[in-house]
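Thanks, everyone. I have one structure to go through today, so please look at it on the screen while I talk.

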Amino acid sequence: MPMVTRRLRDPDVNPCLLESDASTRCMAENNYDKESCSSHFLKYKNCRKFWNSVMIQRRQNGVKPPMPTAAERDEILGALGKMPY
C-alpha cells in the first residue's frame, strides 16, 4: 500500500475515516449515483470542517500535535455529549 494511502487510512491522522468509508460504500452500493449519497457527503464535509476548526484552534494555542490523536478525539466527542456533525 502506498505511503499516502496508509496515512489516510490511519485513524490518528484522518479523523473522518468512518464518514469517508461510509460515503465510499454508499457510492458503491448505489451504482455511483451522487444524489443518493448526498447525506453521506454532507456528513463527511461537516466532519472535516469541525476537525479543521479544532486543529486551527490548537495551532493558535500552541498545542502539539495540531490534530488530536484518536483517543483525544474520543474524549472531545464524549465531552460534547453528541456528534457535532
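I'll start with helix α2. At 1.5 Å a residue, its 13 residues should span 18 Å, and the end C-alpha atoms are 18 Å apart, so the expected and modelled spans agree. Keep in mind that this is a predicted model.

Which residues of α2 are buried? They are Leu 17, Glu 19, Ala 22, Ser 23, Cys 26 and Met 27. On the general point, an α-helix has 3.6 residues a turn, so residues three or four places apart point the same way. What do the buried residues of α2 pack against? The partners are α1, residues 3-8, and α3, residues 38-60. After α2 comes Asn 31, which has a positive phi, near 55°.

Next, the loop between α1 and α2, where you will find Pro 11. Pro 11 has 43% relative accessibility, and partly exposed covers the range from 20% to 50%, so Pro 11 counts as partly exposed. In sequence, Pro 11 and Ala 70 are 59 residues apart, yet their C-alpha atoms are 6.1 Å apart in space. Setting aside neighbours within four places in sequence, Pro 11 is in contact with Leu 17, Ala 70 and Arg 73.

Arg 73 comes up again in the pocket. The largest pocket holds about 230 Å³ of space. It is lined by 13 residues, and those closest to its centre are Pro 15, Leu 18, Arg 73, Asp 74 and Leu 77. Two elements give two or more residues to this lining: α2, residues 17-29, and α4, residues 70-80. Of the elements, α4 gives the most, with 4 residues. How does the lining divide by class? There are 9 nonpolar, 1 polar and 3 charged residues.

Last, the core. In soluble globular proteins, nonpolar side chains tend to be buried together. Here the largest nonpolar core has 9 residues: Cys 16, Cys 47, Phe 50, Trp 51, Val 54, Met 55, Met 67, Leu 77 and Tyr 85. The largest share of this core comes from α3, with 5 residues. Take Phe 50 as an example: leaving out neighbours within four places in sequence, Phe 50 is in contact with Leu 77, Leu 80, Pro 84 and Tyr 85. Leu 77 therefore appears twice in this talk, as a member of the core and among the residues closest to the centre of the largest pocket.

That is what I have. I'll take questions now.

Notes. Residues are numbered from 1 along each chain as its sequence is written. This is a predicted model: local features need pLDDT of at least 70, side-chain atom pairs count only at pLDDT 80 or more; totals for chains, interfaces and linings use all residues. Side-chain values use heavy atoms; hydrogens and water are left out. On a 1 Å grid over the protein atoms alone, a cavity is a set of points where a 1.4 Å probe fits but cannot get out, and a pocket is an open set with protein on both sides within 12 Å along at least five of seven lines; lining residues have an atom within 4 Å of a point. Grid points are joined across faces, edges and corners, and a volume is the space filled by probe spheres set on the points. Ala, Val, Leu, Ile, Met, Phe, Trp, Tyr, Cys and Pro count as nonpolar, Asp, Glu, Lys and Arg as charged, and the others, Gly among them, as polar. The expected span of a helix is 1.5 Å times one less than its number of residues. Buried means under 20% relative accessible area, exposed over 50%, partly exposed in between (1.4 Å probe, protein chains only). Contact means heavy atoms within 4.5 Å. A nonpolar core is a set of buried Ala, Val, Leu, Ile, Met, Phe, Trp, Tyr and Cys residues joined through side-chain atoms within 4.5 Å.
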